[in-house]
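Please open the structure in a viewer and keep the selection panel at hand. The tour below proceeds stop by stop, stating what to select and what is found there.

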Amino acid sequence: MHIFKSPNFDFIRWKWHAIALSWVLILAGMFVIWTKGMPKGVEFSGGTILILKFEQPPDLDKIRNSLPGGGANAVVQSYGAPAEKQVLIRVHTAGAEAGGALSATGDAVVAELNKAGIGPISGTCTPQHPTNCIAGTEIVGPTVGKELETRGILATVFALIGILVYIGFRFRFSFAVGAVVATIHDLLITLAFLAIFRYELSLNVIAALLTITGYSMNDTIVIYDRVRENMRSMRRDNIGSIVNAAVNQMLDRTMITGGLTLLSVVALYFFGGEVLKGFAFTMIVGIITGTYSSVFIAAAIVVIWQGRTPMKVAPAAPVAPARKAGKRARAS
């Protein structure tokens, strides 16, 4: 299947424009994070998660307005299939709450809802009381949240180090630098969009970020492999021409793979429910920026690193002269 017929786009020509655009997006995200902060889920900030099951379809706005402070420090969203009539309430930690204080937060939420005439909620769900009850609860202290945040950062750092070592050994060091820079670029731009659109940094989002790292790297490796093949067949061309040819040769594959994956994630965003919206949004941004970085950023770094000088060609091995037919005849 071909989308483009004999593509011959000069991607390398636009490398500085692409790098400038990336810096604009990254700086915009850093400005938002610096001024408004990065929204964090309960897993990282600490807090209480309640899953409530109702007999009648719940009114999310009424539940939100019934919480202390009008729900300013809480997230209220549907949970599970609509037929299950479940609501997930996440109340973030205020201050240095821990232990019993966090448990009391959940009790206070239930008390406020009962006071507002929602429910009434009568304890944990049982076979005898399957509705208007607490279907699940989770309490995360700030210390645990900090530990999860540290582990998420370490997982990303170790993944980048492993990528650098593998590609440096498998290809060239300039290729490894380009791949790592492109991966960091993808993570920074995705975080920028998460901050701008105020999506919380949760464990689901961290999983999506790590998935993006592998997805983007796979696309970059495919292009790098074609670059290495072109280095043998285009020995007298400069590195810019070699990389540009490789990107054009793999353009159909890149667009088909990225497009099909993007369609799946878009469907997950619209039909996967509120719980998966942050994950799906992260994947959408990551797939787009990962494809973009494989074509423009990773390839551009290799060209900038290597320079636009002709590739060195190894001298051909001398060929032994063939014996003359007459000598072969006399020898026989």
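## The whole chain

Of the 332 residues of the chain, 41% count as buried, where buried means under 20% relative accessible area, exposed means over 50%, and partly exposed lies in between (1.4 Å probe, protein chains only). The model is predicted: local features need pLDDT of at least 70, side-chain atom pairs count only at pLDDT 80 or more, and totals for chains, interfaces and linings use all residues. Residues are numbered from 1 along each chain as its sequence is written, and side-chain values use heavy atoms, with hydrogens and water left out.

Display the chain as a cartoon: 11 helices and 4 strands appear. Helices (H or I, at least four residues) and strands (E, at least two) are DSSP runs, numbered from the N terminus. Among contacts between residues at least 6 apart in sequence, 77% join residues at least 24 apart; a contact means heavy atoms within 4.5 Å.

## Stop 1: strand β1 and its partners

Select residues 47-53, which form strand β1. Of these 7 residues, 6 are buried, and the strand is mostly covered. Which strands pair with β1? Strand β3 (residues 86-92) is joined to β1 by 7 bridges and runs antiparallel to it. Strand β4 (residues 133-140) also pairs with β1 in the antiparallel sense, over 7 bridges. Two strands pair if DSSP finds at least two bridges between them. To see the register, show Leu-50, which stands opposite Ile-89 in β3, and then Ile-49, which stands opposite Glu-138 in β4.

## Stop 2: two loop residues

Select Asn-132, in the loop between α4 (100-115) and β4. Its phi is near 50 degrees, a positive value in a residue other than glycine. Asn-132 is buried, with a relative accessible area of 13%.

Next, select Arg-198, in the loop between α6 (173-196) and α7. Here too phi is positive in a residue other than glycine, with a value near 60 degrees. Is Arg-198 buried or partly exposed? Arg-198 counts as partly exposed, because its relative accessibility is 35%.

## Stop 3: threonines of helices α7 and α10

Select Thr-213 in helix α7. Thr-213 is buried, with a relative accessible area of 6%. Its side chain reaches the backbone oxygen of Leu-209 at 3.0 Å. This is a polar contact, that is, a pair of N or O atoms within 3.5 Å; within protein, one must be able to donate a hydrogen and the other to accept it, and residues adjacent in sequence count only if both atoms are side-chain atoms. Leaving aside residues up to four places away in sequence, Thr-213 touches Ile-163, Thr-183 and Leu-187.

Add Thr-211, which is also placed in helix α7. Thr-211 is partly exposed, at a relative accessible area of 39%. A distance drawn from its C-alpha to that of Thr-282 reads 9.8 Å, although the two are 71 residues apart in sequence.

Now move to Thr-289 in helix α10 (residues 277-306). At 6% relative accessibility, Thr-289 counts as buried. It touches His-185, Asp-186, Ile-189 and Thr-190, residues up to four places away in sequence not being counted.

## Stop 4: helix α8

Select residues 239-249, helix α8. This helix is mostly covered, with 9 of its 11 residues buried; among them are Ile-239, Ile-242, Val-243 and Val-247. What covers the buried residues of α8? The cover includes α7, α9 and α10. At the start of α8, show Asn-238: one of its side-chain oxygens reaches to within 3.2 Å of the backbone nitrogen of Gly-240.

## Stop 5: the cavity

The structure holds 1 cavity of 30 Å³ or more. On a 1 Å grid over the protein atoms alone, a cavity is a set of points where a 1.4 Å probe fits but cannot get out, and lining residues have an atom within 4 Å of a point. The largest cavity has about 30 Å³ of space; a volume is the space filled by probe spheres set on the points, which are joined across faces, edges and corners.

Select the lining: Tyr-215, Asn-218, Asp-219, Arg-253, Thr-254, Thr-257, Gly-258 and Thr-291. Helices α7 (203-233) and α9 (251-271) each supply at least two of the lining residues, and α9 gives the most, with 4 residues.

Terms used
On a 1 Å grid over the protein atoms alone, a cavity is a set of points where a 1.4 Å probe fits but cannot get out, and a pocket is an open set with protein on both sides within 12 Å along at least five of seven lines; lining residues have an atom within 4 Å of a point.
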